[in-house]
Amino acid sequence: MCYDVKTSLEAQLKRAKRSQDLKAIDEIIEKLGPLTDLPLHHASGFSHPDVLIYTNEDEFYPMVATWGLIPHWVNSVEQQKKIWNSTLNARVETITDKPAFRDSVQEKRCIFYVDGFYEHHHCNNHTYPFYIHRKNNQPIALAALWSKWVNPEDGGVINSFSVVTTIGDGLMAKIHNNPKLKEPRMPLMLSENMEEQWLTSALDFDKELKELLTENGTIELQAHTVGKLRGKSYEGNVASISDEVVYKELETEEWKF
């Protein structure tokens, strides 16, 4: 699962800066930045924030998209609202079979850059939120799928996306232990080497999947507990939300692998 993230305009500019096109970068900041909800110190996918994604249509110039993929075949606003919350994530094991994702896997892959993401750990009937990020504090490139939907009522266009998830390993296998799930989950993180392959429309998904998952494990992560992300004590989208908060009942555990 990947429902909670931290992301900034700086993180989302990472790929654009590789092109070294200063004019394009300024344009992204001035024209696209104000159309997003950035910065997101903490945001839930269920709030459907508007962010930037890099797609196979333009690898270095992003588009504004909302989190929660709306398949192109959705034929009403009512149907769109029903499906929205169920497409925040796309399980890598089944995306070639699911009608909502099948077309996007072949034709519409994208990358969603985040500073880090949040996940909950279950212990003694309590849940403890963790903030997970790269050890080198560089942005994480999350594999995602996108879609372009035309509202049949007013002709408006919405670009939307879903984060691809896989089986949790290493640090995430320990943190994400939701008893309601059969296995731990985590977002599919792309190494710099794999970003280009993910965005290439000619990619043979089934053939390259094993390599993608192998590279995913080479990204070194670090984690710490944070304050509550739900309920009355939740502080909202503030910079301090990702600051470490120590829970005595977890002090004996080692989370920095």
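**Cysteines**

I started with Cys-2, which is buried at a relative accessible area of 0%. This is a predicted model, so I kept in mind that local features need pLDDT of at least 70. Cys-2 takes part in no disulfide. The nearest cysteine sulfur belongs to Cys-110 and is 13 Å away.

Then I looked at Cys-110 from its own side. Is Cys-110 buried or exposed? Cys-110 is buried, and its relative accessible area is 0%. Why is there no bond from Cys-110 to Cys-2? The closest cysteine sulfur to that of Cys-110, in Cys-2, is 13 Å off, which is too far for a bond. A disulfide needs the two sulfur atoms within 2.5 Å. I closed the page with a count of 0 disulfides.

**Aromatic rings**

Next I went through the rings. I noted 7 aromatic pairs. The one I stayed with is Trp-67 and Phe-161, a stacked pair with 6.1 Å centre to centre and 10° between the planes. Why does it count as stacked? The planes are 10° apart, and planes under 30 degrees apart count as stacked.

I checked where the two partners sit. Trp-67 is in strand S4 (residues 58-67) and Phe-161 is in strand S10 (residues 157-167). They are 94 residues apart, so I wrote this down as a pair that links distant parts of the chain. Trp-67 is buried at 1% relative accessibility, and Phe-161 is buried at 0%. Ring pairs also bring in Phe-112, which makes a cluster of Trp-67, Phe-112 and Phe-161.

**Nonpolar cores**

Two of those cluster names came up again when I turned to the cores. Which residues have the most contacts inside the largest nonpolar core? They are Phe-112 and Phe-161, in a core of 34 residues. Strand S9 (residues 140-150) gives this core its largest share, 4 residues. There is also a second, separate core of 26 residues. Among its members I listed Ala-100, Ile-111, Leu-188 and Leu-212.

**Charges over rings**

I then looked for positive side chains above ring faces. Arg-15 lies over the face of Phe-60, 4.8 Å from the ring centre. Lys-228 lies over the face of Tyr-128, at 5.2 Å from the ring centre.

**Salt bridges**

Arg-15 turned up again on this page. I counted 13 salt bridges. Which residues share a network with Arg-15? Salt bridges link Arg-15 with Arg-18, Glu-59, Glu-192, Glu-195 and Glu-196.

From that network I picked the bridge of Glu-196 with Arg-18, where the closest N and O atoms are 3.6 Å apart. Glu-196 is in helix H7 and Arg-18 is in helix H2 (residues 14-18). The two are 178 residues apart, and the pair links distant parts of the chain. Both ends are partly exposed: Glu-196 at 29% relative accessibility, Arg-18 at 26%.

I added two other bridges for the record. Lys-17 and Glu-10 meet in a salt bridge at 2.6 Å, N to O. Lys-17 is partly exposed, with a relative accessible area of 36%. Arg-185 and Glu-183 meet in a salt bridge at 2.8 Å, N to O. Is Arg-185 buried or exposed? Arg-185 is buried, with a relative accessible area of 2%, whereas Glu-183 is partly exposed at 25%.

**Helix H7**

Since Glu-196 sits in helix H7, I took a look at the whole helix, residues 192-199. Which of its residues are buried? They are Met-194, Glu-195, Trp-198 and Leu-199. I put them on the same side of H7, because they cover an arc of only 130° around the axis. Glu-195, one of these buried residues, is also in the salt-bridge network I noted above.

**Val-92**

My last stop was Val-92. Where does Val-92 sit? Val-92 is in the loop between strand S5 (89-91) and helix H5 (102-107). Although it lies in a loop, Val-92 counts as buried, at 4% relative accessibility. I also took one long distance from Val-92: its C-alpha atom and that of Thr-225 are separated by 27 Å. Those two residues are 133 residues apart along the chain.

Terms used: Residues are numbered from 1 along each chain as its sequence is written. This is a predicted model: local features need pLDDT of at least 70, side-chain atom pairs count only at pLDDT 80 or more; totals for chains, interfaces and linings use all residues. Side-chain values use heavy atoms; hydrogens and water are left out. A nonpolar core is a set of buried Ala, Val, Leu, Ile, Met, Phe, Trp, Tyr and Cys residues joined through side-chain atoms within 4.5 Å. Buried means under 20% relative accessible area, exposed over 50%, partly exposed in between (1.4 Å probe, protein chains only). Rings of Phe, Tyr and Trp (its six-membered ring) pair if their centres lie within 6.5 Å; planes under 30 degrees apart count as stacked, over 60 as edge-to-face and the rest as tilted. A charge sits over a ring if NZ of Lys or CZ of Arg is within 6 Å of the ring centre and within 35 degrees of the ring normal. The arc is that of the directions from the helix axis to the C-beta atoms. A salt bridge is a side-chain nitrogen of Lys or Arg within 4 Å of a carboxyl oxygen of Asp or Glu.
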